[in-house]
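Visitor: I should like a close look at a single part of this model. Please describe its surroundings and then its own geometry.

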Amino acid sequence: MVALVFGYNEKPSPLHALDARVKLAALVAISLASLKAGLFTLALAVVAALGLLAFARCSPVRCLAALKWYLVLLLCVVLARLLTTPGEPLFDVVWLPASRQGLLAGLELAGRLLVIALFGLLITFTTRPSHIRASVEWFLRPIPFVPHQQAATMIGLLVRFIPVILNQSVELGDALRARAIDHRRNPLRRMTYVTMPLLRRTFVTADRLASAMEARCYGAQRTVHRFHLTARDWSAMGLVACFCLLLAGCP
Amino acid sequence: MNIIEISSLTHFYSDGRAGLQGIDLTITRGSFVVLAGANGAGKSTLLKHLNGLLLPAAGTVRIAGVGVGEDPIHARRTVGMVFQDADSQIVGETVYDDAAFGPENLNWPAARIEESVAAALALVGLGAMRDRSPHLLSGGEKRRLAIAGVLAMQPEVIVLDEPFANLDYDGVRQVLGHIVDLHRGGTTIVVCVHDLEKVLAHAERLIILQAGRIVVDGVPAQVVLAAEAHGVRMPAAVRLGRAVESWLR
């Protein structure tokens with residue numbers, strides 16, 4: 001279920017047709033603009049991201065469900081800021097040091113992280129991984145001493161193997177539960193029993209992958225993806241620039 | 001005409017054990033060879049020598065007349081290798097991306113890649129799934145994708161390491177059907193198995209390895225009776241005195 005959202009889905013939407021470089025540049029620009037954004041504009045950005053996901057034929061509810069543990073993490077961020085930032089007390093309770101400034105700071109930080117995650121999800125949902133890889137390669141190419149092809153391949157493999165590693169960890173967890181790991185009280189011990197075999201399997205998989213890539217002639221001279229910017233891409237860039245100005249300019 | 005020529009091939013593992021000892025073998029173009037043996041007999045090691053993933057400690061391996069050590073890329077373009085574990089062989093995030101990985105490595109023009117990948121996916125029946133995520137495919141479909149990834153590079157020989165491992169009956173039939181079709185189309189096939197039951201009916205030659213040496217080599221009907229003496233189970237039909245039946249019937 002999670003893998004279905006965190007991955008490319010072929011749909012006939014204009015967002016799918018956009019140049020991958022435009023989408024990656026937009027993600028970077030929106031992430032930077034969100035650093036200057038206030039609560040209202042962050043809320044606007046979240047609504048815009050959910051709207052664009054729906055426009056790309058990806059259910060916003062399904063996205064939020066897939067991000068449930070991320071949302072829990074954001075809640076922890078808000079709580080941590082709420083309870084540790086000094087300022088005007090929110091409640092008249094001595095043992096609860098929550099401040100108004102802490103709440104605002106926590107909501108802003110969580111809002112920024114949510115905006116970045118939702119726009120990131122939008123990109124992985126609407127862009128072929130091979131195009132993401134090619135655009136990373138395109139952006140890295142002018143930087144000297146950076147092996148852009150290897151870096152782009154690593155990003156591509158990372159995207160490909162996250163679901164595989166997640167599946168392996170679920171399988172390992174099931175196998176350990178079948179042998180009564182739940183009876184172990186020490187959580188560190190339990191974690192060790194999952195982590196060590198998972199790392200071993202991951203390294204073995206990486207080794208096999210390297211052989212398989214070598215067998216298929218992986219090397220420095222690969223076919224380079226050709227990008228073509230269209231009027232739609234330029235229009236999208238204009239819209240993103242306006243949106244970033246709004247995000248950074250408004251409170 | 002021989003497409004694979006192996007002479008006095010010897011291989012040692014990193015711990016010093018001998019993996020292959022004095023292998024002499026030739027495989028003719030367009031043939032269907034089954035390479036069998038118990039676990040640890042050296043089958044997978046031999047296959048890796050055909051693709052240049054391993055190089056001989058002694059002896060020579062020549063693919064279409066060119067030494068593997070002299071030009072490993074030529075060996076990899078000529079001999080496509082399908083690994084046992086399809087999951088760790090698939091590198092693309094979509095079916096199309098994975099099948100295109102090999103041709104992109106060969107630096108082919110985009111139009112040729114598109115044409116070759118489309119043909120390879122159609123051949124293994126995955127043409128309608130080009131945008132699906134590979135890890136959502138069934139075991140049989142993953143194995144077929146691994147075959148398509150190799151086919152897209154248009155090799156002359158395809159070697160398959162345990163292609164039926166972990167597949168259900170339907171998955172075995174699908175993969176076997178594609179292997180047989182490829183052979184009919186003129187591709188040289190080398191299938192490495194430890195269970196002869198599923199594939200022997202289609203093979204023209206059976207080679208059995210034991211402890212890194214070739215101990216049986218011949219036409220299946222003539223040599224299959226010797227299989228059990230070397231750690232490979234005979235097909236049930238042979239035990240009953242009958243000819244081996246195809247799983248495709």
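Guide: The buried residues of helix 4 of chain A are covered by elements that include helix 3 (20-34), helix 5 (60-66), helix 7 (100-126) and helix 11 (231-249) of chain A. Helices here are DSSP runs of H or I with at least four residues, strands are runs of E with at least two, and both are numbered from the N terminus. The model is predicted, so local features need pLDDT of at least 70 and side-chain atom pairs count only at pLDDT 80 or more, whereas totals for chains, interfaces and linings use all residues. Residues are numbered from 1 along each chain as its sequence is written, and chains are lettered from A and ligands numbered from 1 in the order in which they are written.

Helix 4 of chain A comprises residues 39-55, 17 in number, and reaches 24 Å from its first C-alpha to its last, close to the 24 Å expected at 1.5 Å a residue; the expected span is 1.5 Å times one less than the number of residues. Its buried residues are A:Thr41, A:Leu42, A:Ala45, A:Ala49 and A:Leu53. They lie on the same side of helix 4 of chain A because they cover an arc of only 120° around the axis, the arc being that of the directions from the helix axis to the C-beta atoms. On the other side of this helix, A:Leu39, A:Phe40, A:Val47 and A:Gly51 are exposed. A residue is buried if 20 or more other C-beta atoms lie within 10 Å of its own, exposed if 12 or fewer do, and partly exposed in between, with C-beta atoms placed from the backbone. Just after helix 4 of chain A, A:Arg57 adopts a positive phi of about 70°.

Technical notes: Contact = placed C-beta atoms within 7 Å.
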